[in-house]
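Subject: Handing over the structure

Dear colleague,

Below you will find the structure I promised to pass on, and after it I have written down what was found when going through it. Please keep it open while you read, so that you can look up each place as it comes.

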Amino acid sequence: MGGEDGGEVEKKGRRKFAVLLCADDSDYVKKTYGGYFKVFVGLLGEEGEAWEVYRAAHGELPCMADVDGYDGFVITGSCNDAHGDDQWIKDLVSFLKALDAKKKKILGVCFGHQILSRALGGKSGRAMKGWDIGVTCIHPSHSTIKLLSSLHIPSHLPVIECHRDEVWQVPPQAEVMAWSEKTGVEMFRYGDHILGIQGHPEYSKDILRHLLDRLLQRNLIQTCHAEAAKASLDAREPDREAWKRLCKGFLRGNLSWQPAVVPLASTSTP
């Protein structure tokens, strides 16, 4: 149901966030974690806040009349393509454009990262180097490390990834903040109110292992992809605490960001 928040009573003055859920919960995640909404709140939420969920993939979005009541929005991953033309995807694009016009805080993860790029004038599509699944080390730019110095973000930042699409070109006036060996746009910002992240800061290794099994069963990946992903899970840990600091700091407006003005040449995938 759109707008559900686990039965909490609204309290005047407390922060309020909405998760736009772009995928159905798997039986495993629902049973083990209570669904992806609770996975995100577990990473991003703080005591005393109100968190609500809208099932965007089923056409649920906040009414524009209610948007000003939210401090920020989080767009999740999805099994769908951000460059697709399903009606709910087109409705989401329109909604994100309206949020941008209001300068609302928006955090996009994986599909959310890609759909933000599309809504703001960028381009996405199939990843040029194929699937990226497992723990990937991304590399924040020097300007990003300087910008986020108060968060102590490391120069090599591991995150769990699971994607076969990517941002090809970020929107005009957006800044590419990080890249990896497989993906040229791992993270971008647009002004001080929009942040896209290709990886999954919210995922645990356990969630990815069960997702790998589902992808194999559906013949969406080959055995070699699964084996490489499992090897990466054994080899390194995602830096969940660094990602938590970054995402929470962004959503609560604790980062002193100024709108980026970047050369046109830096908006494309390296």
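Among the contacts in the protein chain that join residues at least 6 apart in sequence, 76% are between residues at least 24 apart. Please bear in mind, here and in everything that follows, that this is a predicted model.

As for the overall build, the protein chain contains 8 helices and 11 strands, and its C-alpha trace spans about 50 × 45 × 35 Å along the principal axes. A compact globule of 270 residues would have a radius of gyration near 18 Å, and the value for the protein chain, 17 Å, agrees with that. Of these 270 residues, 53% count as buried, while the accessible surface of the chain comes to about 12300 Å², with 51% of it belonging to carbon and sulfur atoms. The chain carries 34 positive and 36 negative side chains, and if you take the centre of each of these two sets, you will find the centres 2 Å apart.

A helix to look at with some care is α2, which covers residues 36-44. Which of its residues are buried? They are Y36, F37, V39, F40, L43 and L44, and, when the helix is seen down its axis, these buried residues fall within an arc of 160°, so they line one face of α2. It may help to recall that an α-helix has 3.6 residues a turn, so residues three or four places apart point the same way. On the face of α2 that is turned away from the buried side you will find the exposed residues K38 and G42.

From α2 you can go on to helix α8, which runs over residues 240-251 and holds K248. Is K248 buried or exposed? Its relative accessibility is 17%, and because residues under 20% are counted as buried, K248 belongs to the buried ones. Leaving aside residues up to four places away in sequence, K248 touches L43, L44, G45 and E46, and two of the residues named there, L43 and L44, are among the buried residues of α2. R240 also has its place in helix α8, and with a relative accessible area of 30% it is partly exposed. When residues up to four places away in sequence are again not counted, R240 touches L43, P201, E202 and Y203, so that L43 appears in the contacts of K248 and in those of R240. From R240 to L212, which is 28 residues apart from it in sequence, the C-alpha atoms are 20 Å apart in space.

Two residues deserve a look for their backbone angles. C110 is a residue other than glycine, and yet its phi is positive, near 55°; you will find C110 in the loop between β4 (105-109) and α4 (111-119), where its relative accessibility of 6% makes it count as buried. N219 is not a glycine either, although it has a positive phi of about 60°, and N219 is found in the loop between α6 (205-217) and α7 (223-235). At 67% relative accessibility, N219 counts as exposed.

Finally, there are two residues in the region of strand β9. M177 lies in this strand, which covers residues 174-179, and M177 counts as buried, at 1% relative accessibility. The C-alpha atoms of M177 and I115, which are 62 residues apart along the chain, are separated by 17 Å. P172 is found in the loop between β8 (165-169) and β9, and at 46% relative accessibility P172 counts as partly exposed. What does P172 touch, if residues up to four places away in sequence are not counted? Its contacts are with L120, G121 and Y190. Between P172 and L211, 39 residues apart along the chain, the C-alpha atoms are separated by 34 Å.

With kind regards

Note on methods. Residues numbered from 1 in each chain as written. Predicted model: local features only at pLDDT ≥ 70, side-chain atom pairs only at ≥ 80, totals over all residues. Heavy atoms only, no water. Helix = DSSP H or I, 4+ residues; strand = E, 2+ residues; numbered from the N terminus. Rg over C-alpha atoms; globule rule 2.2 N^0.38 Å. Buried < 20%, exposed > 50% of the residue type's maximum accessible area, 1.4 Å probe, protein only. Contact = heavy atoms within 4.5 Å. Areas by Shrake-Rupley, 256 points an atom, 1.4 Å probe, with all protein chains shown as cover. Lys, Arg positive; Asp, Glu negative; His and termini not counted. Charge placed at Lys NZ, Arg CZ, Asp CG, Glu CD. Arc of directions from axis to C-beta.
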